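The following note sets out several points on the model for your consideration. Please read them alongside the coordinates.

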Amino acid sequence: MTSPTDPTPDGVPDPSAPDALPEDPALAAAVLEIEAHVAQDGWDQPARLYALVDTATLVAQEPALAAAMAIDGPGDDGSFTPIEQDGLPPGQVLEDALTTIAWPDSVAGCAAVIERLVLPPDVDDEIPDDPTAAELFAREHPERQEVRMVAGVTRAGASYCALRLRAHDDEQSVVNGTELVPGLLDLLHATLHDHLHDLAHDTQPHPDENH
C-alpha cells in the first residue's frame, strides 16, 4: 500500500525496531512533543498541521504570543515551538492541502499528523486500482494496522518521524526514525523549498490554545 508519493510508511512499523538517531535533536524533540500531545486525545482524529518556529525568536519577537502559549523563556538553544494551524476544510485531504502551502521565512520547519490504514507489503498486488475499492479493501483486510504518523522537517533539510500503532497504543511502543514516512516528508519539505509554491497561498502561523 505504498508508492514513492504515498504518505504511508514502508510497511507496518515494528515497535521493537531500534530508533534512528535524529539529524536534528531539536526537531526530534518537537515531533515527539506533538505526538504525545495528540495522543492525549485518542484515535480517529482529523489531520493536523504545525508550524515550527525557533523558540528564542518567538519569545523575542512575539512576547504576547509566547505568553499566551505559556512560554516564559527561550528554552533550550535552537529549540522549536510547534504552533498548530487552523483545521482543514471539510473533505480536504492533508496531502492535497500541502501542495498549496508556502510557509513564510519566519517558520523554521513544519510537521503534520495523520492517521492511516497500513497493509503489509506482500498484499500490494491485491489492492484494487480504484481508490474507493482500495479503501474498502484496506478496511476489511484482516492484517490491516491503524497507524498515527507524525512527520516533521526543517528548512535545513532535517526530518524526523514518530509512528504509533493503535494495536500498541503506549508511549514505549512509539517508533521513531528519520525517514519512516518518505512520501509525507517529501510533501512537507516542498512547502518550505518548492518554488512552485510561489503561486500558492502563504500560510501564517496561528497559535493553538492547547499547544
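1. Thr154 touches Asp24, Leu27, Phe80, Ala108, Gly109, His189, Leu192 and His193, leaving aside residues up to four places away in sequence. The model is a predicted one. Thr154 belongs to strand 5. Its relative accessibility is 3%, and because the cut-off for buried is under 20%, Thr154 counts as buried.

2. Two of the contacts of Thr154, His189 and Leu192, are also among the buried residues of helix 6. The others listed as buried in that helix are Gly183, Leu184, Leu185, Leu188 and Thr191. These buried residues pack against strand 1, helix 4, strand 3 (101–102), strand 4, strand 5 and strand 6.

3. As to its geometry, helix 6 comprises 12 residues. From first C-alpha to last it reaches 16 Å, close to the 16 Å expected at 1.5 Å a residue. In general, an α-helix has 3.6 residues a turn, so residues three or four places apart point the same way.

4. Which residues touch the most other members of the largest nonpolar core? They are Leu49, Leu98, Trp103, Leu163, Leu184 and Leu188, in a core of 24 residues. Two or more residues each come from strand 1 (48–54), helix 4 (94–98), strand 4 (109–118), strand 5 (145–154), strand 6 (159–165) and helix 6 (182–193). Another core, of 17 residues, lies apart from the largest and includes Ala26, Val38, Ala158 and Ala162.

5. Val38 recurs in the lining of the largest cavity, together with Gln45, Pro46, Ala47, Arg48, Val113, Ile114, Glu115 and Arg148. The volume of this cavity is about 40 Å³, and the structure holds 1 cavity of 30 Å³ or more. Strand 4 gives the most to the lining, with 3 residues. As a general matter, rolling a probe the size of a water molecule over the atoms shows where empty space is left.

6. How many disulfides does a search of the whole structure find? The search returns 0 disulfides. Cys110 is buried, with a relative accessible area of 0%, and Cys161 is likewise buried, at 0%. For reference, a disulfide is a covalent bond between the sulfur atoms of two cysteines.

7. To draw these points together: Thr154 touches His189 and Leu192, both of them buried in helix 6. Helix 6 also supplies two or more residues to the largest nonpolar core, where Leu184 and Leu188 are among the residues that touch the most other members.

Definitions and conventions:
Residues numbered from 1 in each chain as written. Predicted model: local features only at pLDDT ≥ 70, side-chain atom pairs only at ≥ 80, totals over all residues. Heavy atoms only, no water. Disulfide = S-S within 2.5 Å. Buried < 20%, exposed > 50% of the residue type's maximum accessible area, 1.4 Å probe, protein only. Core = buried A, V, L, I, M, F, W, Y, C linked by side-chain atoms within 4.5 Å. Helix = DSSP H or I, 4+ residues; strand = E, 2+ residues; numbered from the N terminus. Expected span 1.5 Å × (residues − 1). Contact = heavy atoms within 4.5 Å. 1 Å grid on protein atoms, 1.4 Å probe; cavity = no way out; pocket = protein on both sides within 12 Å on 5 of 7 lines; lining within 4 Å. Points joined across faces, edges and corners; volume = space filled by probe spheres on them.
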